[in-house]
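Okay, thanks for coming, everybody. I've got one structure to walk you through today, so let me put it up and we'll go through it piece by piece.

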Amino acid sequence: MMTTLYEGAFAKLNLTLDVLGKRPDGYHDLKSVMQTVSIRDDVEIDIGTGKPWTLECSMEGIPTDERNLAWKAAEVYCEQIGKNPDGISIRITKRIPSGAGMGGGSADAAAVLRALNRHYGEPLSILALAELGARIGSDVPFCTLGGTAMVEGRGERLRRLPDMPDCVFVVCKPEFSVSTAELYQKIDQVAIPKRPDHQAMETALLSGDLSRVAENIWNVFDPVVTAEHLELNYIKSIFNTYGSLNQQMTGSGSACFAILDSFEYAAVVCNMLKENYSQIFIAKPV
Ligand code: C5P
């Protein structure tokens, strides 16, 4: 019998991001405070179709075969629990911009893991599910857990942090995208002038003081990408002029976000950007 599962896939923002060094496997150890936000894709899964696997996505340019992380997640999950799903069809309604540093593909994969785990009666704990996510991609473990968390290693070591204080994010995705692999290569060749203060960020989150949290956001990739794309300075200056507490790029870019304490200011910021940018979002922490 065919069953349809529904799950939301939430985007992430990196409140902090530090690259600690290159590992023997070629990847980099990082340390990052990540936050899920209310910009979401919708994932629907038909399970037990009795037909070959399929995947559809509402956004062009996204792979619709086994290269898609959502497809990979279904494969890895079924293999892990030793079940034959007898045909899976995945449909993704995409809203998370791609090439943004917001973990869109990873969020979809994490949604598939959660939905399948629920379908099979929760055989895996959320932490076991996140661990499984590490086999799919570096951001999948965090996207599986969601909320506010400290993420370390390649992305597989997670520790829950106090919730981000109530706030509004404005996210702006410029047209250009950044190659994550090239950016990691580049950061190996430059001295990192400033790193996030994770102790201060944890204390700020514990205090629930939004201004202190905003003061402590820092992404080591931001100056590297901004040096080549001065447009990011323009977006940040608009954010800053219209009431943002602080602003920076997320992940490996190219989306930039502002933290605000008022929806009204957030609406003004969006208005000021909409003439030049088509991908602007207002979001809350989730
Ligand atoms: O995780 P994602 O597939 O977006 O990573 C793209 C590339 O970024 C990897 O192939 C690798 O070169 C680099 N990377 C890294 N260390 C990480 C994450 C990504 O070197 N922790």
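I'll start with the two domains and how they meet, then go through some salt bridges, two buried polar residues and one helix.

Before anything else, keep in mind that this is a predicted model.

So, the domains. The chain is divided into domain 1, residues 3-160, and domain 2, residues 168-283. Taken over C-alpha atoms, their centres are 23 Å apart. How many residues are in contact across that boundary? On the domain 1 side it's 28, and they touch 31 residues of domain 2. The two domains bury about 2300 Å² between them, with 65% of that on carbon and sulfur atoms. If you want names on the domain 1 side, look at Leu15, Leu17 and Val19: those lose the most area to domain 2, and together they make up 24% of what that side buries.

There's polar stuff in there too. Between domain 1 and domain 2 we count 18 residue pairs in polar contact. And which strands supply the domain 1 side? Strand 1 (3-14), strand 2 (16-22), strand 3 (28-47) and strand 6 (148-153) each put in at least two residues. Strand 3 gives the largest share, nine residues.

Two salt bridges turn up across the interface of domain 1 and domain 2. Let me show you a couple of pairs while we're here. Arg159 and Glu202 meet through their side chains, at 2.8 Å, N to O. Then there's Arg195 with Asp18, at 2.6 Å, N to O. Arg195 sits in the loop between helix 5 (180-188) and helix 6 (198-207) while Asp18 is in strand 2, so this pair ties together parts that are 177 residues apart in sequence. Is each partner buried or exposed? Asp18 comes out at 6% relative accessibility, so we call it buried. Arg195 is at 40%, which makes it partly exposed.

Zooming out, a search of the whole structure finds 18 salt bridges. I picked out two more pairs that involve strand 3. The first is Lys94 with Asp41, where the closest N and O atoms are 2.1 Å apart. That pair links distant parts of the chain, with Lys94 in the loop between strand 5 and helix 2, Asp41 in strand 3, and their positions 53 residues apart. Lys94 has 12% relative accessibility, so it counts as buried, and Asp41 is buried as well, at 0%.

The second is Asp42 with Arg95, at 2.8 Å, N to O. Here Asp42 is the one in strand 3 and Arg95 is in the loop between strand 5 and helix 2, again 53 residues apart. Asp42 is partly exposed at 24%, and Arg95 is partly exposed too, at 39%. There's also a network of salt bridges linking Glu7, Arg114 and Arg118.

Next, the buried polar residues. Thr36 is in strand 3, and at 5% relative accessibility it counts as buried. What does its side chain reach? One partner is the backbone nitrogen of Gly147, at 2.7 Å. Another is the backbone oxygen of Val286, which lies 2.8 Å from a polar atom of the Thr36 side chain. Leaving aside neighbours within four places in sequence, the contacts of Thr36 include Phe10, Phe142 and Pro285.

The other one is Asp222, in helix 8, residues 221-228. With 7% relative accessibility, Asp222 counts as buried. Beyond its neighbours within four places in sequence, Asp222 is in contact with Lys236, Gln248 and Met249.

Last stop is helix 1, residues 69-81. Those 13 residues reach 18 Å from first C-alpha to last, close to the 18 Å you'd expect at 1.5 Å a residue. At the N-terminal end, Asn68 acts as a cap, with a side-chain oxygen 2.9 Å from the backbone nitrogen of Ala70. At the other end, helix 1 is followed by Gly82, which has a positive phi near 70°.

Which residues of helix 1 are buried? They are Ala70, Trp71, Ala73, Ala74, Val76, Tyr77 and Cys78. And what do those buried residues pack against? You'll find strand 4 (54-57), strand 5 (88-93), helix 2 (104-119) and helix 3 (126-133).

That's what I had, so over to you for comments.

How values were computed. Residues are numbered from 1 along each chain as its sequence is written. This is a predicted model: local features need pLDDT of at least 70, side-chain atom pairs count only at pLDDT 80 or more; totals for chains, interfaces and linings use all residues. Side-chain values use heavy atoms; hydrogens and water are left out. Helices (H or I, at least four residues) and strands (E, at least two) are DSSP runs, numbered from the N terminus. The expected span of a helix is 1.5 Å times one less than its number of residues. Buried means under 20% relative accessible area, exposed over 50%, partly exposed in between (1.4 Å probe, protein chains only). Contact means heavy atoms within 4.5 Å. A polar contact is a pair of N or O atoms within 3.5 Å; within protein, one must be able to donate a hydrogen and the other to accept it, and residues adjacent in sequence count only if both atoms are side-chain atoms. Domain bounds come from an automatic or database domain assignment. Buried area is the accessible area (1.4 Å probe) that two parts lose on being put together, summed over both. A salt bridge is a side-chain nitrogen of Lys or Arg within 4 Å of a carboxyl oxygen of Asp or Glu.
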